[in-house]
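User: Please examine the model shown below. The questions that follow concern its sheet and a neighbouring helix.

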Amino acid sequence: MTLKKMFLLYSLIFIGVILVLCTALYVTFMTGVRNHVYSFADSEEKQVEVLQQRIEAEQYFDPDWVSPSITYVVLNNNNEILSSNGSASDRKLSLSFLKGEDIPFSEGYFAKSLYPGGVCVFKYQIGVHYSSEWANQHLPRVEIIFVSAFIFSVLVSTIVFVRFISKRLENNISPLRHTVRLIGSGNLNYPVPHLSIKEFEELGSLTDRMRSDLKNTLQALWSNENQMRESTAQMLHDYRTPLTVARAHAEFLREDLSNLSDMRNKDDLIDSADALILNLERLTEIGDRLQQQMASDTSSAAGNTVIALDDFNQSIDILGNILSDHYGNAWRSNFQKCQQTLSIDEIGLKQTLMNVLINAFEHGNSPQTVQLQFEVLQDRVQYLISNSGSCFSERALANGMQKEFSEKANNDEAITGLGLYFARRFLDKYDGTIRLFNSPENHACVQITLPLQVVKDDPQPPPLT
């Protein structure tokens, strides 16, 4: 069954029903006429024609010849009214008719018959009338009853017809819509059932093919993803081995250099070794983080740890001193004592702070002082990093945390890159905020705030810059 055939068939059925209704109304009307319940519309007009013929044949008029439904007015040759069964209004209208004036059809129809000594004017109506005077006075007109019955029958037939077609269409659309919703929600195991209308069956077949192709594609992607995860895990294994060896050698180098008696290049070598250890530690943290992600199948909060803020701040202070020695800039820290703990991804938070600190050390006028201030503000903690040797430009303040935004280094502009972008992404995961501004002394400042007792899903950590 195609849509064209279905609508054609139902349209023929609808037309047939209307014809049956019209036939039923016609038979009902004719039955009423035969049983003298009411008359035809021209019944009174025919009665007047009979009266006119009789008056013309008899050459006089007898009021007894007139039925009660017809009004008559008898006048002499001087247009004086001799007798009438009508009202004053009917008499006046009869005189107007004799004078040839136009009378509205709403007032009725008029006819006259001449005979010796006078004239008779008849007033009659064209329409169906009941045989009973009581019915004519109290019941609606016959035409209104039959027209209302016809309209009601057509309306009911149309409603039934529309509901029947709608149900037939819904029986074909509903399974298709259900399947599409399941596909949209990720359920690709529900096939499209067979449908009774050809066009919807074709659409269902295409939808089912799309579902099957999408399922096969996703399975292939998942298979490739698993292979990539295994390859990455193998790469991490190969990556961590030389990293461990390099770190060990760097520590041995620093230990040997600290025992040298020759002091000329000792400090420079120690600084270089410290910088090497710092970067190797950062690479180790990245490796640890990647290994955690490879071992986890879901984005749960497995990476969250409860950290003591005082201990964490001490480790940041140590890294700040190492960066100060490496870049040759002064380092100043001011950490408020804090007994609270924070449930968060420790590695991600450390990388976030390191991204900002390295930006502060690398950019701006030298020598400069990089300062990190920590304080507890009611239900949140705040880190404030400032750089005395640089300031943010208007463009950096507006776009500094956008992806891949950067500015050329000079005396007035600060460079920002992916570090601030990934820092913002990390903090967003934990309902934290990051804000860039310039202090009244025109120093570049970065403010980081985090709510206490954070427990969130483990987000992706920002990459080290």
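Sheet and helix

User: Which residue in strand 4 stands opposite Phe110?

Analyst: The model is predicted, with local features needing pLDDT of at least 70 and side-chain atom pairs pLDDT 80 or more, while totals use all residues. Numbering starts from 1 along each chain, and side-chain values use heavy atoms, without hydrogens or water. Strand 3 and strand 4 (118-124) pair in the antiparallel sense over seven bridges (pairing requires at least two DSSP bridges; strands are E runs of at least two residues, helices H or I runs of at least four). Opposite Phe110 stands Lys123.

User: Which strands stand at the edges of the sheet?

Analyst: The open, antiparallel sheet has four strands in the order 2-1-4-3. A single partner strand is available to each edge strand, so one side of each lacks a neighbour in the sheet; these are strand 2 (81-84) and strand 3 (109-115).

User: What arc do the buried residues of helix 2 cover?

Analyst: Helix 2 (43-58) packs on the sheet, touching strand 3 and strand 4 (contact: heavy atoms within 4.5 Å). Its buried residues are Glu44, Val48, Leu51 and Ile55 (buried: under 20% relative accessible area; exposed: over 50%; 1.4 Å probe). They lie on the same side of helix 2 because their arc around the axis, taken from C-beta directions, is only 60°.

User: Which exposed residues does the opposite face of helix 2 carry?

Analyst: The buried residues of helix 2 pack against strand 3 and strand 4. The face turned away from that buried side carries Val50, Gln53, Glu56 and Ala57.

Methods:
Axes are lines fitted to C-alpha atoms, for helices over the stretch in contact, and angles run from 0 to 180 degrees between N-to-C directions.
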